[in-house]
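Student: I would like a close look at a single part of this model, with the things that pack against that part or continue from it. Could you take me through it slowly, in one connected account?

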Amino acid sequence: MTADRAEALISLRGVTKVYGQGATAFLALKGVDLDIHPGEFVAIMGPSGSGKSTAMNTLGCLDRPTGGEYRFHGVPLQGLDRDGLARLRRQFFGFVFQGFHLLPRTTALENVELPLIYRGMKRQRRREAALQALADVGLAGWAHHTPAELSGGQQQRVAIARAIVTGPQVLLADEPTGNLDTQRSHEIMALIQRLNREQGITVLMVTHEADIAAYASRIVRFVDGTVASDEPNPHPAQAPAQEAA
Ligand SMILES: Nc1ncnc2c1ncn2[C@@H]1O[C@H](COP(=O)(O)OP(=O)(O)OP(=O)(O)O)[C@@H](O)[C@H]1O
Ligand SMILES: [Mg+2]
């Protein structure tokens, strides 16, 4: 366990999260221990309200735990202030959400360029990187379409391109197929599995669906704010060979 932890990319020990205070305080995480290793593809499952999104927000440094310890590459985050945490998040993490969260009336290319603008990258390099990320998700040729001109599956691909354009070590996806039909869901899983295997991006993904979790190589189940089970998935589902855009 000790050696295991030393090699972990992310290590949580006794992590708690309290929402609100006083009489209305709610303990959403009740002492979570979790080690995530580089290159893993982890599915997080569990009933509604069990703390999955809270755990994801904590793992992705969007929110601080109330108690316990978070280490990234072995370094405890307790000492970081708001800006330090934000820098860490921008440098190492990419996020994909159920609702895509794309800017409307803004092209796919511009949506994907956004995180690079925040980084102060020059226009030409930014454009090249964004076009490459769009190509990586199978959307070469769709760069100048706005979200309204794209299908749900294509919008989610744009969101994934935006998440990977910065070259993150960790991709966090909270129900990335929640708004998609079965066919599109499996295409998105094919894409995420390929990014994990070919680019070595560590993936943490929340899903309610067993056939979506089946693509991961490890399945963690939350119940009532704690990790109820944590099992390898030795035979992950294989993405269909054909991947439509
Ligand atoms: N900002 C908040 N303020 C107060 N309570 C919150 C807040 N966010 C979450 N909670 C509560 O914490 C608990 C865990 O919420 P969380 O969103 O992590 O659940 P979840 O497992 O992601 O559920 P779902 O499957 O419905 O998305 C729930 O009881 C929820 O009501
Ligand atoms: Mg949730």
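Tutor: Six strands make up an open sheet of mixed pairing, and their order across it is 6-7-8-3-9-10. Strands here are DSSP runs of E with at least two residues, helices are runs of H or I with at least four residues, and both are numbered from the N terminus; two strands pair if DSSP finds at least two bridges between them. This is a predicted model, in which local features need pLDDT of at least 70 and side-chain atom pairs count only at pLDDT 80 or more, while totals for chains, interfaces and linings use all residues. Residues are numbered from 1 along each chain as its sequence is written, and chains are lettered from A and ligands numbered from 1 in the order in which they are written.

The edges of the sheet are strand 6 (93-97) and strand 10 (226-232); each has a single partner strand, so one side of each is left without a neighbour in the sheet. On average, and with direction ignored, neighbouring strands are turned by 15° against each other, where axes are lines fitted to C-alpha atoms, for helices over the stretch in contact, and angles run from 0 to 180 degrees between N-to-C directions.

Within the sheet, five bridges join strand 7 (residues 170-174) to strand 8 (residues 202-206) in the parallel sense, and Leu171 is found opposite Val203 of strand 8. Helix 2 (residues 52-59) packs on the sheet, where it touches strand 3 (41-45), strand 7, strand 8 and strand 9 (218-223), and its direction makes about 155° with that of strand 8; contact here means that the C-beta atoms of two residues, placed from the backbone, lie within 7 Å. Helix 6 (residues 152-164) also packs on the sheet, touching strand 6 and strand 7, and its direction makes about 165° with that of strand 6.

Strand 9 and strand 10 are joined by six bridges in the antiparallel sense, with Val223 opposite Thr226 of strand 10. The hairpin of these two strands has two residues between the strands, and Asp224 in this hairpin takes a positive phi near 55°.

From helix 6 the packing can be followed to helix 4 (residues 108-118). The axes of helix 4 and helix 6 come within 7 Å and cross at roughly 30°, and the two helices are therefore roughly parallel to each other, the class for angles under 35 degrees, with those over 145 counted as roughly antiparallel, 65 to 115 as roughly perpendicular and the rest as oblique. Helix 4 passes helix 6 in a right-handed crossing, that is, the near helix is turned clockwise from the far one by less than a right angle, whereas anticlockwise would be left-handed. Ala108, Asn111, Val112, Leu114 and Pro115 of helix 4 make this contact with Val158, Ala161 and Arg162 of helix 6. By class, the contact has six nonpolar, one polar and one charged residues, with Ala, Val, Leu, Ile, Met, Phe, Trp, Tyr, Cys and Pro counted as nonpolar, Asp, Glu, Lys and Arg as charged, and the others, Gly among them, as polar.

Helix 4 also packs against helix 5 (residues 123-136), at an angle of about 120° and with their axes 9 Å apart, which makes helix 4 oblique to helix 5. This crossing of helix 4 and helix 5 is right-handed, and its residues divide into 10 nonpolar, no polar and three charged.

Returning to helix 2, we come to ligand 1: three residues, the largest share of the shell around ligand 1, come from this helix. Among the residues that surround ligand 1 are Tyr19, Gly20, Phe26, Gly51, Lys52, Ser53 and Thr54, a residue being near a molecule if its C-beta atom, placed from the backbone, lies within 6 Å of it. By class, the shell divides into three nonpolar, eight polar and one charged. Gly20 lies in the hairpin of strand 1 and strand 2, which has six residues between the strands, and Gly20 takes a positive phi near 70° there.
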